[in-house]
Amino acid sequence: MNETMNQPILAIRGLRKAYASGTEALKSVDLDINRGEIFALLGPNGAGKTTLISIICGLVTPTDGQVLIDGKDWRKHYREARTRIGLVPQELTMDVFEPMIGTVTFSRGLFGRPPAPAKIEQILRDLSLWDKRNNILKDLSGGMKRRVMIAKALAHEPDILFLDEPTAGVDVELRKDMWNLVRRLREGGTTIILTTHYIEEAEEMADRVGVIRQGELILVEEKTALMQKLGRKTLHLELTDPLAEVPAALAPWGPRLGEDGTTLTYEFDAKADRTGIPSLLAAMRDAGIGFKDLDTKQSSLEDIFVGLINEKREAAA
């Protein structure tokens, strides 16, 4: 029992998906998901997030690799694996002429779970859907339909819940409601994996964050460590006169000189009490280095992707 509790609830080993065209949607992904955590998978559109989830949920066949749920191969124990996994896809797919409570109840039965009206009621109440339980699905708003998709995924009480872009296209209020729901689910013991390209979504909820780019998992870190990287800003200074090299007087700040010698860039922590900018500008003034323009740029998720890829290339060279 202790061994089961200590092993990852979900272990992904060498998972790869290649198409006949030669395109690799996934490039040998290895990942462990811990029991009871919220794991956010970040990446731009087309990075491979949905492909990874679809393979784990049995909707897409991988080219190679293995998925273990509590140490059991998900292909050999397919029925058990599907029972333990819930999926909220991006697309709103449902029988639009069915009363909402009917489609949620039916979802529970699909996984062989016995009827549990009280459980269905609790799920609908948690999602603020109970008052609309008899409404026809086509009459619900987009945000309500998104909640119904979550209710359907929760109906069979899965241990692992995948949320694929759960707040795409919903308003800010509903997004916060969903964040609160995800936290409550985790408190109840559900392990949650969500994909998103909203960095604030990961910052708000996740325990750990994975970054995927062009089918490759390039980073898995504790959320706090990644957020520190995202807190970096860059100061760009357009110089009055070009420099041949960075003067020794500016070395403590480590600014980078542009190839043509006309720009200096200085990276700093935007959240720090002391950014170093005033002292850098004072040192430039004392050294007789003038500038005619300046601007600051916040590090974006894409900047971090590019930086990580470059680091990997340099390390491999």
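Helices (H or I, at least four residues) and strands (E, at least two) are DSSP runs, numbered from the N terminus. The legends below use these numbers for a predicted model.

**Figure 1. Overview of the predicted chain.** The protein chain contains 11 helices and 14 strands. Of its 317 residues, 43% are buried. When contacts between residues at least 6 apart in sequence are considered, 70% of them join residues at least 24 apart. The close-up views that follow show two sheets, a pair of helices and several loop residues.

**Figure 2. The loop residue Glu-157, between helix 6 and strand 7.** This loop follows helix 6, residues 142-154, and leads to strand 7, which spans 160-164. Glu-157 is not a glycine, yet its phi is positive, at about 55 degrees. Most residues other than glycine have a negative phi. The relative accessibility of Glu-157 is 34%, so the residue counts as partly exposed.

**Figure 3. The loop residue Gln-214, between strand 9 and strand 10.** Strand 9 covers 208-213 and strand 10 covers 216-222, with Gln-214 in the loop between them. Gln-214, which is not a glycine, has a positive phi of about 50 degrees. Its relative accessibility is 51%, and because exposed means over 50%, Gln-214 counts as exposed.

**Figure 4. The open sheet of strands 2, 1, 4 and 5.** Four strands lie in the order 2-1-4-5, and their pairing is antiparallel. The edges are formed by strand 2 (24-33) and strand 5, each of which pairs on one side only. Strands of a sheet pair through backbone hydrogen bonds. Inside this sheet, strand 1 (residues 10-18) is joined to strand 4 (residues 64-69) by 5 bridges in the antiparallel sense. Leu-10 faces Ile-69 of strand 4 as its opposite residue, and Arg-13 has Gln-66 of strand 4 as its bridge partner. Helix 2 (residues 49-56) lies across strand 1, strand 2 and strand 4, and runs at about 115 degrees to strand 1.

**Figure 5. The hairpin of strand 4 and strand 5.** Strand 4 and strand 5 (residues 72-73) run antiparallel and are joined by 2 bridges. Ile-69, which stands opposite Leu-10, also stands opposite Lys-72 in strand 5. There are 2 residues between the strands of this hairpin, and Asp-70 takes a positive phi near 50 degrees.

**Figure 6. The packing of helix 4 on helix 6.** Two packed helices are described by the angle between their axes and the distance between the axes. For helix 4 (residues 100-110) and helix 6 (residues 142-154), the angle is about 30 degrees and the axes are 7 Å apart. Angles under 35 degrees count as roughly parallel, and helix 4 is therefore roughly parallel to helix 6. The crossing of helix 4 past helix 6 is right-handed. Helix 4 contributes Met-100, Thr-103, Val-104 and Ser-107 to the contact, while helix 6 contributes Val-148, Ala-151 and Lys-152. Sorted by class, the residues of this contact are 4 nonpolar, 2 polar and 1 charged.

**Figure 7. The open sheet of strands 12, 13, 11 and 14.** Here 4 strands are arranged in the order 12-13-11-14 with antiparallel pairing. Strand 12 (256-257) and strand 14 (291-298) are the edge strands, each pairing on one side only. Helix 10 (residues 277-286) packs on the sheet and touches strand 11 (232-239), strand 13 and strand 14. The direction of helix 10 makes about 20 degrees with that of strand 11. Strand 12 runs antiparallel to strand 13 (residues 263-269), and 2 bridges join the two. In this pairing, Arg-256 is opposite Thr-265 of strand 13.

**Figure 8. Gly-261 in the loop between strand 12 and strand 13.** The loop holding Gly-261 links the two strands that are joined by 2 bridges in the preceding view. Gly-261 has a relative accessibility of 2%; buried means under 20%, so Gly-261 counts as buried. Apart from its neighbours within four places in sequence, Gly-261 contacts Leu-239, Asp-241, Pro-242 and Leu-243. Ala-244 is 17 residues away from Gly-261 along the chain, and the C-alpha atoms of these two residues are separated by 6.0 Å.

Key: Residues are numbered from 1 along each chain as its sequence is written. This is a predicted model: local features need pLDDT of at least 70, side-chain atom pairs count only at pLDDT 80 or more; totals for chains, interfaces and linings use all residues. Side-chain values use heavy atoms; hydrogens and water are left out. Two strands pair if DSSP finds at least two bridges between them. Contact means heavy atoms within 4.5 Å. Axes are lines fitted to C-alpha atoms, for helices over the stretch in contact, and angles run from 0 to 180 degrees between N-to-C directions. Angles under 35 degrees count as roughly parallel, over 145 as roughly antiparallel, 65 to 115 as roughly perpendicular and the rest as oblique. A crossing is left-handed if the near helix is turned anticlockwise from the far one by less than a right angle, and right-handed if clockwise. Ala, Val, Leu, Ile, Met, Phe, Trp, Tyr, Cys and Pro count as nonpolar, Asp, Glu, Lys and Arg as charged, and the others, Gly among them, as polar. Buried means under 20% relative accessible area, exposed over 50%, partly exposed in between (1.4 Å probe, protein chains only).
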